[in-house]
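Colleague: Could you take me through this model step by step, with the reasoning behind each answer? I would like to begin with how confident the prediction is and then go on to its architecture.

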Amino acid sequence: MLQFCLLAAHALQLAGAALLSPGSCNFEDSACGYEWDYVHLPWALHGEGHYISVDTSYKGEKAVLSSPELYSEEWSCVRLIYQIAMTSEASPDPARLNLYLRQEGESFDRLLWSANEPSDSWLIASLDLMNSTKKYKIVLEGELGQDKSASIAVFEIKITPGYCIECDFEENHLCGFVNLWNPNVNWFVGGGNIRNSQSILPKDHTLNSELGHYMYVDSVYVKHFQEVAQLISPKTMAPMSGCLSFYYQLKQESSIVFTVYLRDTTGFYEEIWKTDSALSADWALAEVDFNAPYPMELIFEVAFNSAKGGYVALDDISFSPVYCSNQTGTPFNPAAAGCNFEEGLCNFYQDHKDGPGWSRVKVKRNVYRAGDHTTGFGYYLLANTKFTSQPGYIGRLYGPILPGNLQFCLRFYYALYGFFKMSGTLAVYIFEENHVVQEKIWSVLDSPKGVWTQAEISFKKPMPCKVVFVSWCKSFWDCGLVALDDVSLSLGSCQAADRLLPNPGECNFEKDECVFTQKKRGRGSWHRRRGPTPTSYTGPKGDHTTGVGYYMYIEASDMVYGQRAYLVSRSLRGVSGKQCLTFFYNMYGAGTGLLSVYLKKEGDEDEIPLWRRTGEQSISWLRGLIEYESDRNYQIIFEAIRGVSMRSDTAIDDILFQAGPCLEVEEIQFSSGYPDSLNEIEY
């Protein structure tokens, strides 16, 4: 087995170890109330090295370690000091350490952090925990992968009130702040009665003592013009806005530029502060308004012009959720710039000079025309309807004003019907406040006809602006129908949002079958698929998530009448109170059979029926809502039964488990007969 750096582990022992806060542990002589799950591999406590570990000397896939029950109404920071050791860095399935939050009343654990990088020494992870009124546990999961000699060690877990970007630099791990190494200029730890610089450095600010610590960078080894040193904070893991403050000293003989930046996950830098004084003989307080609505890093950067530039020292970085400038405005809420059109146009509007280019419509459940994307039963917007189908038309839908200098991710769903030429039939523009066009940021090139397809666009503008959806055609013969639904706006780039950890209890089948397994695999079981099903006039044309992704379905041509297929969840944690299960189903085809959902409680022989639909329902994806309760561990089972003909493909997608009662009631749909007016559009 690979040996861990025990000397490094000894160096991590904290002052006041006897006064560890709840949930904290340095594994010196006990596991501090942490317990391992005996269903999985055991964790081994190494008192002499002050760490706990799991390795491949035992046969198994993973080990699980859970904290005692914790409670904190204040924002907290979890710091984890760990090491992953492997013999092969190029393993296709490397060892991994995951950290979950297990909240009271939740059937699923929320994945907060995951790492699989091997190292020769300990590493540190810093994770923000937002304030909550719920009790919770921290759960560590070590996955050993396929490496024949893998080890995972945890040296320390420390939970402290406050924010992870705060630091007084008194502890060896420096709160997870790291220096970006440069051959000539770097940030160093100062103080502690250590003189390792030719500069005369101050006492620290925290203790006002030579024994206290701070960070500093000096110009002694500068060799080139504009040499730069960067100190990088842990990444913010939750939206934060307020006042960032820190103390600094600056002594310069030639020009020094001391700047603080925010850097997002795409690498974009935003300057938020720069020193305006040439000399600071004593510790000076700097305060700056700080807004990190999506994951960001703080970067303290010092640039020198010569070896006689001087030095900069930094100490006591802190954060308050109250802005320094006493500004009273509420932060921008991106939800105000979205709409599912169920209750109206929300904050969108049309210019009457354009005419009624977009109409809010609803389609009755039918087998010819798809309904809306939100539920399959609701409202969406349609351009070039019977009111506007004259030779050539244009429809503009204006969104609300968005603040400048923020990164946005715009997502929406669109569907096209009847166009000979699709390119340019729908476009998205950025307008200035006075309706002056800035630029076109997206236009449709091609998409499956009649399928709700997701589009996503990242943009950032320096000035306030608004998003405008434009649908137009030049001549009557080119004009079809453009549908728009479920417009949403979030802060941060779409690429950064895609890298966020998945929501607990959510499954869209894009990567795998999530928490579900098959009772029996074979031709007559559930299949994961993208695009239309092989048999015509049955099954969906695309998935519900994006229009081009994956869903689960039964292939009726491989089954016989009455044959059943089961999709079964793993055992889910029972909780008190109501739970809500949401999913989308497609039951299109003249011979469609049955789709049922069951609840099976641990220890019970029989399943409890929760929901059922029989026969052909619609060409659309329809939303199902189920409210249920189980204080024991349980499983959810989706059962599909093949109908009377091969046109009975049945599909499901976008399953979501949520704590608490369902906020909406499912529309009751009947499955017998279709009225003659079924394909009419309601305005």
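Modeller: The pLDDT is the predictor's confidence in each residue, on a scale from 0 to 100. This is a predicted model, and that score is where we can begin.

Colleague: What share of the residues score at least 70 in pLDDT?

Modeller: Two stretches have to be set apart here: over residues 1-18 the pLDDT is below 50, although the model gives this stretch 43 contacts beyond near neighbours in sequence. Residues 669-683 likewise stay under 50, with 36 contacts beyond four places in sequence. For the protein as a whole the average pLDDT is 85, and the share of residues scoring at least 70 is 87%.

Colleague: How many strands does the protein have?

Modeller: Of the 683 residues, 53% count as buried, and among contacts with a separation of 6 or more, 79% link residues 24 or more positions apart. As for secondary structure, the protein has two helices, while the number of strands is 41.

Colleague: In the open sheet of five strands, which strands stand at the edges?

Modeller: The order of this open sheet is 2-3-10-5-8, with antiparallel pairing, and the twist averages 30° from one strand to the next. A strand at the edge has a single partner strand, so one side of it is left without a neighbour in the sheet, and this holds for strand 2 (44-46) and strand 8 (123-129).

Colleague: How many bridges pair strand 5 with strand 10?

Modeller: On one side, strand 5 (residues 76-85) runs antiparallel to strand 8 and is joined to it by seven bridges; in that pairing Cys77 stands opposite Asp128, and Arg79 has Ser126 as its bridge partner. Strand 5 also pairs with strand 10, where the bridge partner of Leu80 is Ile157. The pairing of strand 5 with strand 10 (residues 151-161) is again antiparallel, and the number of bridges is ten.

Colleague: How many residues of strand 5 are buried?

Modeller: Both faces of strand 5 are covered, with Ser76, Val78, Leu80, Tyr82 and Ile84 buried on one side and Cys77, Arg79, Ile81, Gln83 and Ala85 buried on the other. Strand 5 is therefore largely enclosed by the rest of the structure, the count of buried residues being ten of the ten.

Colleague: Which strand gives the largest share of the largest nonpolar core?

Modeller: In soluble globular proteins, nonpolar side chains tend to be buried together. The largest nonpolar core here has 74 residues, and those with the most contacts inside it are Trp187, Phe300, Phe412 and Phe469. Six residues of this core, its largest share, come from residues 406-417, which form strand 24.

Colleague: Which residues does a second, separate core include?

Modeller: To stay a moment with the core already described, Phe412 touches, among others, Leu426, Val428, Trp442, Ile457, Phe469, Leu484 and Val487. The second core is separate and has 35 residues, including Ala63, Leu97, Leu144 and Ala150.

Colleague: Which residue has its backbone nitrogen 2.9 Å from a polar atom of the Ser219 side chain?

Modeller: Ser219 is placed in the loop between strand 13 (213-218) and strand 14 (227-232), and because its relative accessibility is 3%, below the 20% cut-off, Ser219 counts as buried. Leaving aside neighbours within four places in sequence, Ser219 is in contact with Phe304, Ser306, Ala307, Lys308, Gly309 and Gly310. Among these contacts, the residue whose backbone nitrogen lies 2.9 Å from a polar side-chain atom of Ser219 is Gly310.

Terms used
Residues numbered from 1 in each chain as written. Predicted model: local features only at pLDDT ≥ 70, side-chain atom pairs only at ≥ 80, totals over all residues. Heavy atoms only, no water. Core = buried A, V, L, I, M, F, W, Y, C linked by side-chain atoms within 4.5 Å. Buried < 20%, exposed > 50% of the residue type's maximum accessible area, 1.4 Å probe, protein only. Helix = DSSP H or I, 4+ residues; strand = E, 2+ residues; numbered from the N terminus. Contact = heavy atoms within 4.5 Å. Polar contact = N/O pair within 3.5 Å; in protein donor to acceptor, adjacent residues only side chain to side chain. Pairing = 2+ DSSP bridges. Axes fitted to C-alpha atoms, helices over the stretch in contact; angles between N-to-C directions.
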